[in-house]
Amino acid sequence: ALPICFVVEGGTQRLPRLVGLSRSKELIFTGRLVSGKEAHSIGLVDRLAPSSRTAYDEALALAAQIVPQGPVGLKMAKIAINKGMQVDLTSGLAVEELCYAQVIPTKDRIEGLLAFKEKRKPQYRGE
């Protein structure tokens, strides 16, 4: 179980964005423990490890899905998501457009397009 009574390190700001205002108040005010299943069902965690695997195993599996993606595109997507969530939607869309503009001139973008056309896996180099 997970204790949710945290009011430092941004908990009072981050938790409502994840689970909603009402539920975050309940969890923070009561300090109630949350099971892994409940944490997953309310959107506090993204996935649960089956009993046959550890959370570490799940993290490695997720990383294995991310690693083959284009590093430049991943970096720009991360920036667009993180910065975009700090502003209104219109400004967030502008951030996304600026980030995508950074991807357009890259060799990785061309490689991704060619790989799609040639029906093969892209070989990104971060260029």
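## The crossing of α5 and α6

In this predicted model, helix α5 passes helix α6 in a right-handed crossing. Helix α5 covers residues 71-84 and helix α6 covers residues 89-103, and their axes come within 9 Å of each other while crossing at roughly 165°. Because angles over 145 degrees count as roughly antiparallel, α5 and α6 are described as roughly antiparallel to each other.

On the α5 side, the contact is made by Val72, Gly73, Met76, Ile79, Ala80, Lys83 and Gly84, and on the α6 side by Gly92, Val95, Glu96, Cys99, Gln102 and Val103. Sorted by class, the residues in the contact of α5 with α6 are seven nonpolar, four polar and two charged.

## Ile79 in helix α5

One of the α5 residues in this contact is Ile79, whose place in helix α5 goes together with a relative accessible area of 31%, so that Ile79 counts as partly exposed. When its neighbours within four places in sequence are left aside, Ile79 is in contact with Gly84, Val95 and Cys99; of these, Gly84 is listed on the α5 side of the helix contact, and Val95 and Cys99 on the α6 side.

A distance to another part of the chain can also be given for Ile79: its C-alpha atom and that of Leu18, which lies 61 residues away along the chain, are separated by 19 Å.

## The crossing of α1 and α2

Helix α1 spans residues 11-19 and helix α2 spans residues 21-30. The axes of α1 and α2 come within 7 Å and cross at roughly 135°, an angle that makes α1 oblique to α2. The crossing in which α1 passes α2 is right-handed.

The residues that make the contact are Gly11, Thr12, Leu15, Pro16 and Val19 of α1, together with Leu21, Arg23, Ser24, Leu27 and Ile28 of α2. By class, the contact of α1 with α2 has six nonpolar residues, three polar residues and one charged residue.

Ser24, which is found in helix α2, is buried, with a relative accessible area of 2%. If residues up to four places away in sequence are not counted, Ser24 touches Leu15, Pro16 and Val19, and these three residues are listed on the α1 side of the contact between the two helices.

## The nonpolar cores

The largest nonpolar core has eight residues in all, namely Leu15, Val19, Leu27, Ile28, Val34, Ala39, Ile42 and Leu44. Helices α1 and α2 each supply at least two residues of this core. There is also a second, separate core of five residues, among them Val72, Met76, Ala80 and Cys99. These four residues also appear in the contact between the two helices described at the start, with Val72, Met76 and Ala80 on α5 and Cys99 on α6.

## Ile42 in the loop between α3 and α4

Ile42, a member of the largest nonpolar core, has its place in the loop between α3, residues 36-41, and α4, residues 55-66. Ile42 is buried, with a relative accessible area of 10%, whereas Ile79 is partly exposed.

Leaving aside its neighbours within four places in sequence, Ile42 is in contact with Leu18, Val19, Arg23 and Leu27. For one of these partners a C-alpha distance is available: Ile42 and Val19 are 23 residues apart along the chain, and their C-alpha atoms are separated by 6.0 Å. Val19 and Leu27 belong, like Ile42, to the largest nonpolar core, and Val19, Arg23 and Leu27 also take part in the contact of α1 with α2.

Methods. Residues are numbered from 1 along each chain as its sequence is written. This is a predicted model: local features need pLDDT of at least 70, side-chain atom pairs count only at pLDDT 80 or more; totals for chains, interfaces and linings use all residues. Side-chain values use heavy atoms; hydrogens and water are left out. A nonpolar core is a set of buried Ala, Val, Leu, Ile, Met, Phe, Trp, Tyr and Cys residues joined through side-chain atoms within 4.5 Å. Buried means under 20% relative accessible area, exposed over 50%, partly exposed in between (1.4 Å probe, protein chains only). Axes are lines fitted to C-alpha atoms, for helices over the stretch in contact, and angles run from 0 to 180 degrees between N-to-C directions. Angles under 35 degrees count as roughly parallel, over 145 as roughly antiparallel, 65 to 115 as roughly perpendicular and the rest as oblique. A crossing is left-handed if the near helix is turned anticlockwise from the far one by less than a right angle, and right-handed if clockwise. Contact means heavy atoms within 4.5 Å. Ala, Val, Leu, Ile, Met, Phe, Trp, Tyr, Cys and Pro count as nonpolar, Asp, Glu, Lys and Arg as charged, and the others, Gly among them, as polar.
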